[in-house]
Amino acid sequence: MNLRKELEQLADEEYREFHSGLCPNVNNIIGVRLPKLREIAKRIAKENPIEFLDTYNYEYYEEKMIYGLVIGYMKSSFEERIKYLDKFIPDIDNWAICDCCCSTYKFTNKNLEAMLQYLQKYIHSEKEFELRFACIMLMDYYLTDEYIDTVFKIYNNIVSDKYYVQMGLAWGISVAFVKNEEKTREFLKHNNLDNFTYNKSLQKIIESNRVGKEVKDEMRKMKRK
């Protein structure tokens, strides 16, 4: 399998320039759209995922994305996936790979306690995208009645001046607001968030199509100066 050659044949220069603009400081984008990357990852996950994960050395953005997606798509035990996540997560260097792979890790739904325990080392990481990975995983799978209090406790104890961590927290809080407005309101009243993250959380709530005008007006009044 010559994955790189396949990706180069699928490259779209216009898309490469567009997506490069969305991922600052990422200089190794070939220019292949995400649906095609998911298609390739599903094929690998069906055919030979372990061989691929054990031997493939990713260099380009798309290769790394596919590697992360295969971990989510393959049929495997939770423990085996963790082995490959341990290799992959420290190499995440942009929000797009982080967020797309998080949303693909649906196996989490059957391993909530185990994954929550696994995330602890990233919740306490000082690396920007390891910490964002934890924030987005919590947003994607733990904003339920059973776990939302745990998520808010974790979010409240995260201290970081890294932009993509702060934006990940803000996004998570805005999604929590839609899912459980009452508890999120209480969190917004009493929290340890820095002003930037707090105000970005309100901004994302205001930008949501699932929040009414009256609530948006109320959120505007809650901004910190």
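**Notebook: a helix pair, some cysteines and two single residues**

I began with the contact between two helices, where Ile 148, Asp 149, Phe 152, Tyr 155 and Asn 156 in α10 meet Lys 183, Thr 184 and Phe 187 in α12. Sorting the residues of this contact by character, I find that they divide into four nonpolar, two polar and two charged. I note here that I am working from a predicted model.

For the geometry of the pair, I looked up the axes of α10, which spans residues 148-157, and of α12, which spans residues 181-189, and found that they come within 11 Å and cross at roughly 20°. Angles under 35 degrees count as roughly parallel, and α10 and α12 are therefore roughly parallel to each other. I also recorded the hand of the crossing of α10 and α12, which is right-handed.

Next I turned to the cysteines and asked how many disulfides a search of the whole structure finds. The search returns zero disulfides. A disulfide is a covalent bond between the sulfur atoms of two cysteines, and the cut-off applied to a pair of cysteine sulfur atoms is within 2.5 Å. For Cys 100, the closest cysteine sulfur is in Cys 101, and because the two sulfurs are 6.9 Å apart, they are too far from each other for a bond. Cys 102 is likewise in no disulfide, its nearest cysteine sulfur being that of Cys 98, 4.3 Å away. On accessibility, I have Cys 100 as buried, with a relative accessible area of 15%, and Cys 102 as buried too, with a relative accessible area of 0%.

I then looked up Asp 99, which has its place in helix α7, residues 95-104. Is Asp 99 buried or exposed? Its relative accessible area is 10%, and since buried means under 20%, Asp 99 counts as buried. Leaving aside residues up to four places away in sequence, I find that Asp 99 touches Arg 132, Ile 136 and Trp 171.

My last entry concerns Lys 75, which I located in the loop between α5 (61-73) and α6 (78-88). With a relative accessible area of 82%, Lys 75 is exposed, because the threshold for that class is over 50%. I also checked Lys 75 against Leu 188: the two are 113 residues apart in sequence, and their C-alpha atoms lie 40 Å apart in space.

Conventions
Residues are numbered from 1 along each chain as its sequence is written. This is a predicted model: local features need pLDDT of at least 70, side-chain atom pairs count only at pLDDT 80 or more; totals for chains, interfaces and linings use all residues. Side-chain values use heavy atoms; hydrogens and water are left out. Axes are lines fitted to C-alpha atoms, for helices over the stretch in contact, and angles run from 0 to 180 degrees between N-to-C directions. Helices (H or I, at least four residues) and strands (E, at least two) are DSSP runs, numbered from the N terminus. Angles under 35 degrees count as roughly parallel, over 145 as roughly antiparallel, 65 to 115 as roughly perpendicular and the rest as oblique. A crossing is left-handed if the near helix is turned anticlockwise from the far one by less than a right angle, and right-handed if clockwise. Contact means heavy atoms within 4.5 Å. Ala, Val, Leu, Ile, Met, Phe, Trp, Tyr, Cys and Pro count as nonpolar, Asp, Glu, Lys and Arg as charged, and the others, Gly among them, as polar. Buried means under 20% relative accessible area, exposed over 50%, partly exposed in between (1.4 Å probe, protein chains only).
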